[in-house]
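Visitor: Got a minute to walk me through this one? I'd like to talk about how its helices pack.
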Amino acid sequence: MLLGAHTMDKSSRMNWIDTAKGISIILVVMMYATYNTGEYTGEVGFMHYVISFATPFRMPEFFMISGLFLSNVISRPWARYADRRVVHYFYFYAIWAFIMLALKVGIFSADPMQMMHELGLAVIEPYGVLWFIYMLGVFSVVAKLLWQFRAPHWVVIPLGAALHMAGIQSVSYIVTQFSAYFVFFYLGYAAATLVFRLAAWVDENTRAGILFLAAWALVNGFMVYSPGFAIEPVKTDMGMIAAFPPVHFVLAVAGSLALCVAGVLLSKLTAMEWLRWLGEHSLVVYLSFTIPMSIFRGIALKSGLLTDTGYLSLAVLIVSVASPVLLYALIKRFGKGDFLFERPQWAHLRTQTPSVVPGE
C-alpha cells in the first residue's frame with residue numbers, strides 16, 4: 001500500500017524528527033523577525049532573501065511533521081485522543097493568548113474593555129502568531145472525524161491539495177489557514193510510512209542524501225527566484241513558476257521532505273545536538289518568541305547600534321530564539337512557572353492518566 005501508518009511510542013522518538021523541527025522553528029522565527037524588522041526600518045536586508053528561499057515549504061513542513069505520529073493515537077477513544085491532540089494545544093493557546101493580550105492591550109494600551117473584546121474574539125479567530133497552535137487542534141479534530149468515517153486517503157489528499165491550490169482568502173482566518181495547510185498535516189499522517197522509509201534510506205546513504213539536498217536547493221531556488229520574484233520589507237512575491245499553484249504545492253511537499261532529509265543528516269553530527277533539543281522544545285520557542293522580539297527590536301532601533309536591516313534582522317532572530325530557551329531554563333531551575341510550557345494535571349481530561357509533557 002502506497003500510504004500507510006507508522007507506529008512508534010514516545011520513548012523511541014527519532015532524533016532526526018526533532019532536528020528537522022529545530023530547523024523549522026528557526027525558519028518560522030526568522031520570517032517574523034525579518035518582516036517585523038523590515039516593517040519598522042522600511043528596508044530590505046539580506047535576511048529577506050534567505051527567508052524567501054523557504055517561502056514554499058516553511059509552514060507546510062512544520063504541519064507535515066506534526067502529523068507524522070498521528071497514527072499512534074488516532075484510534076484512541078475520543079476523550080483520550082482529545083486530551084493529547086486537542087486539549088494539549090488549546091491549553092497553551094489560551095494561556096499565551098491571554099498573556100500577549102494582557103501585555104499588548106491590557107497594560108501598554110491600558111484598555112481593559114478592548115482586551116476583553118480581543119479575548120472573546122480569540123476564541124473563534126486564532127490570535128496573532130498563535131494561529132499555528134490553534135490550527136493544530138482544529139486539524140486534529142478534523143483528522144479524527146475523517147478516520148472515524150473511514151474517509152479514504154485517496155479522496156482526502158486530492159481534496160486537500162485542491163483547497164491549498166485554490167488560495168482561499170476568507171473573512172474567517174480559520175477557513176483560510178485550514179484551506180492552506182490541512183493537506184500537509186494529513187499528508188504527514190497518511191504518508192508517514194514513506195517518510196520514515198526515506199529517512200532510513202538517507203541514514204544509510206549519506207552521500208546520496210547530500211546530493212538530493214543540493215539538487216533540491218538548486219531547483220527550489222530557481223523556481224522561487226524566477227521572473228516575477230519581488231521582495232518588500234514585509235512580504236515576498238515568489239517568481240511566476242513557484243507561484244503557479246500546482247508547482248507551489250509540489251515545492252511545498254518537496255521542501256518538507258528535504259528538511260526531513262536535512263534533519264537526518266544533521267542529527268548525525270554531535271555538534272547539532274542543540275538543534276535537536278530546540279526541535280524537541282519547539283513549542284517553547286513558538287509560544288514566547290514574539291515578546292523578546294518586539295522588545296529587542298525596539299531597543300536596538302532606538303539605540304542606533306544596529307542600523308543595517310539585514311544584520312538587525314539576524315540579531316532579532318538570535319535573541320528571539322535564545323530568550324524563550326533562557327526563560328525555560330530559569331523555570332526549570334527555580335521550579336516556578338511550569339504551567340507556561342508544561343500542561344499541569346488540572347488541564348488534563350480525567351479519562352486519561354495525566355503526564356507532564358513539555359510543549360512540543
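Visitor: Which hand does the crossing have where α3 passes α8?
Guide: α3 passes α8 in a right-handed crossing (the near helix is turned clockwise from the far one by less than a right angle; anticlockwise would be left-handed). Bear in mind that this is a predicted model, where local features need pLDDT of at least 70, side-chain atom pairs count only at pLDDT 80 or more, and totals for chains, interfaces and linings use all residues. Residues are numbered from 1 along each chain as its sequence is written, and side-chain values use heavy atoms, with hydrogens and water left out.

Visitor: And what angle do α3 and α8 pack at?
Guide: About 40°, and their axes are 6 Å apart. That makes α3 oblique to α8 (under 35 degrees is roughly parallel, over 145 roughly antiparallel, 65 to 115 roughly perpendicular, and the rest oblique). Axes are lines fitted to C-alpha atoms, for helices over the stretch in contact, with angles from 0 to 180 degrees between N-to-C directions.

Visitor: Which residues of α3 and α8 meet?
Guide: On the α3 side you have Met59, Pro60, Phe63, Met64 and Ser66, meeting Tyr181, Phe184, Phe185, Leu187 and Gly188 of α8 (contact means heavy atoms within 4.5 Å). By class, that's eight nonpolar, two polar and no charged residues. Nonpolar covers Ala, Val, Leu, Ile, Met, Phe, Trp, Tyr, Cys and Pro, charged covers Asp, Glu, Lys and Arg, and the others, Gly among them, are polar.

Visitor: OK, how far apart are the axes of α3 and α6?
Guide: 12 Å, with an angle of about 40°. α3 makes a right-handed crossing there too, as it passes α6. Met59, Phe62, Phe63 and Ser66 of α3 touch Trp131, Phe132, Met135, Leu136 and Phe139 of α6.

Visitor: Switching topic: how much space is in the largest pocket?
Guide: About 820 Å³. On a 1 Å grid over the protein atoms alone, a pocket is an open set of points where a 1.4 Å probe fits, with protein on both sides within 12 Å along at least five of seven lines; lining residues have an atom within 4 Å of a point. Points are joined across faces, edges and corners, and the volume is the space filled by probe spheres set on them.

Visitor: Which residues are closest to the centre of that pocket?
Guide: Thr55, Arg58, Tyr181, Met238 and His248, out of 28 lining residues.

Visitor: Which element gives the most to the lining?
Guide: α8, with five residues. Elements are DSSP runs numbered from the N terminus: helices are H or I, at least four residues, and strands are E, at least two.
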